[in-house]
Amino acid sequence: MFCPRLCSLLISTIALSACAETPNTSTPAAPTGASISQPALAEQPTAAAISFESWRDAFRVKALNAGVQATRFDQAFAGIQPDAAVIDADRSQPEFTRPVWEYLDGALSAIRVRKGQALLISNKATLDAIEQRYGVDRQALVAVWGMESSFGQFIGDKSVIRSLATLAYEGRRPQFAEDQLIAALLIIQHGDIQPQRMLGSWAGAMGQTQFIPTTYNSHAVDFDGDGRRDIWNSSADALASTAHYLQASGWQRGQPWGYEVALPSGFDYAQADPEIRKPLHEWTELGVKVPPVAVRSDDRASLLLPAGHRGPAFLVFGNFRAILKYNNSSSYALAVGLLSQRFDGKGQILGAWPRDDKPLSRSERIEMQDHLLRLGYAPGASDSIIGANTRKAIRAFQQHQGWPADGYPTHELLARLRTS
């Protein structure tokens, strides 16, 4: 997925970017996922209280206790010093984010679709074998490949050891970075990659499908049979490793990730909550119009409104949730699902996006959360992240106002909060 990504916080406000020829530069995912997302930030950390050398020596003890050999550690850390660019990236707090429709415009570009279609043909034998072993649809694998690194074109050029050491020394989440750094050292010790060739994003995501080191150790596979799990240079290893991860996340071969639906007049938009999962027949009983697709009527689905009640609506199933485990962003998962369909000439969105709706800035999202808290709606921390608690608070306020309770932040909502 991209470029930098550091864990699960990003999300609902689509602080993502994608374009036809470059990887996503800020796409999301959880610490347990395959790749990582750049989170919105809370308080900026102070400078480290000890020298980098003192931190390195203390960390060396931890690494050796975790099974890293002393010679491997010393080899990997030879000449390593903190990277100021990594800290700048870690502390960046973009004021504005792209709306979901602009993100999808880039993610689903015609050139990306054509490249993916060509690679589905040229990699047919490999994809046949991966599908047979792991039961993950090839279109989804190639879609992830395209989203993460533009099909291996952009895998990152920073030393993973240096980036993670920098983040462990003075980043915002030192324990997470230390865990990833130990995992990266164990990868080197295993012989899969040399330290100087272990390259990735500033946040430590690696290879053609951007695995974090802990996920690499648990799910990377040697599919081409050369004795190394090489997700940097072997597309077979990268795709099979991704399939292994999605299989473990519950992927069901041949089942849809979801599809666009039409909602009836007067629909209760508060039903658009990822925690609400209903069998398909219950959604149809509520008046949701679904296309004829190969899915059992008792399969449980959630309703997704990525742009609120004014935008398209989607029912999403278990495979969508499997993608979320790879990268915990509904916008990313939607892009992967739609891109996988575009390869077959499908996946067109019929509903209109509210392109006149300007997303709230980071400062405005924080202000909105402050107002919700002041009014007793419990949105959680005022951190600009539109997560589950904030959406629940928005819905409650919208219901009090007699508005469609879709949980979607808008300028109209903020204006009303300011005067309430």
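**Figure 1. The whole chain, with its 17 helices and 6 strands.** This is a predicted model, so take every number in these legends as computed from it. Of the 420 residues in the protein chain, 55% are buried. Look at contacts between residues at least 6 apart in sequence, and 69% of them turn out to join residues at least 24 apart. The accessible surface of the protein chain adds up to about 16,900 Å², and carbon and sulfur atoms account for 51% of that.

**Figure 2. An open sheet of 4 strands, in the order 3-6-5-4.** The pairing here is antiparallel. Strand 3 (258-261) and strand 4 (278-279) sit at the edges, each pairing on one side only. Strand 5 (residues 300-304) and strand 6 (residues 313-316) are antiparallel partners, joined over 3 bridges. To find your way around that pair, pick out Leu303, which stands opposite Leu315 in strand 6.

**Figure 3. Helix 7 (residues 138-149) crossing helix 11 (residues 235-248).** The two axes come within 10 Å and cross at roughly 115 degrees. That angle falls in the band from 65 to 115 degrees, so helix 7 and helix 11 count as roughly perpendicular to each other. The crossing is right-handed. On the helix 7 side, the contact is made by Leu141, Val144 and Trp145. Helix 11 brings Ser235, Leu239, Thr242, Ala243 and Leu246 to the same contact.

**Figure 4. Helix 7 again, this time packed with helix 5 (residues 110-122).** Here the axes are 10 Å apart and the angle is about 130 degrees. What does that make the pair? Helix 5 and helix 7 are oblique to each other, because an angle of this kind lies outside the parallel, antiparallel and perpendicular bands. The crossing of helix 5 and helix 7 is right-handed. Helix 5 contributes Arg112, Gly116, Leu119 and Leu120 to the contact. From helix 7 come Arg138, Gln139, Val142, Trp145, Gly146 and Met147. Keep an eye on Trp145 of helix 7: this residue is part of the contact with helix 5 and is also listed in the contact with helix 11.

**Figure 5. Two positive phi values in the loop between helix 15 and helix 16.** Most residues other than glycine have a negative phi. Ala378, in the loop between helix 15 (362-374) and helix 16, has a phi near 50 degrees. Ser384 is found in that loop too, with a phi near 80 degrees. Is Ala378 buried or exposed? Ala378 is exposed, because its relative accessible area is 53% and the cut-off is over 50%. Ser384 goes the other way: at 1% relative accessibility it counts as buried, the limit being under 20%.

**Figure 6. Arg395 and its neighbours in helix 16 and beyond.** Arg395 is found in helix 16, which covers residues 388-401. Is this arginine buried or exposed? Its relative accessibility is 7%, so Arg395 counts as buried. Leaving aside residues up to four places away in sequence, what does Arg395 touch? The list runs to Ala270, Ala272 and Asp273, together with Ala405, Asp406 and Gly407.

Notes: Residues numbered from 1 in each chain as written. Predicted model: local features only at pLDDT ≥ 70, side-chain atom pairs only at ≥ 80, totals over all residues. Heavy atoms only, no water. Buried < 20%, exposed > 50% of the residue type's maximum accessible area, 1.4 Å probe, protein only. Contact = heavy atoms within 4.5 Å. Pairing = 2+ DSSP bridges. Areas by Shrake-Rupley, 256 points an atom, 1.4 Å probe, with all protein chains shown as cover. Axes fitted to C-alpha atoms, helices over the stretch in contact; angles between N-to-C directions. Parallel < 35°, antiparallel > 145°, perpendicular 65-115°, else oblique. Left-handed = near helix turned anticlockwise from the far one by under 90°.
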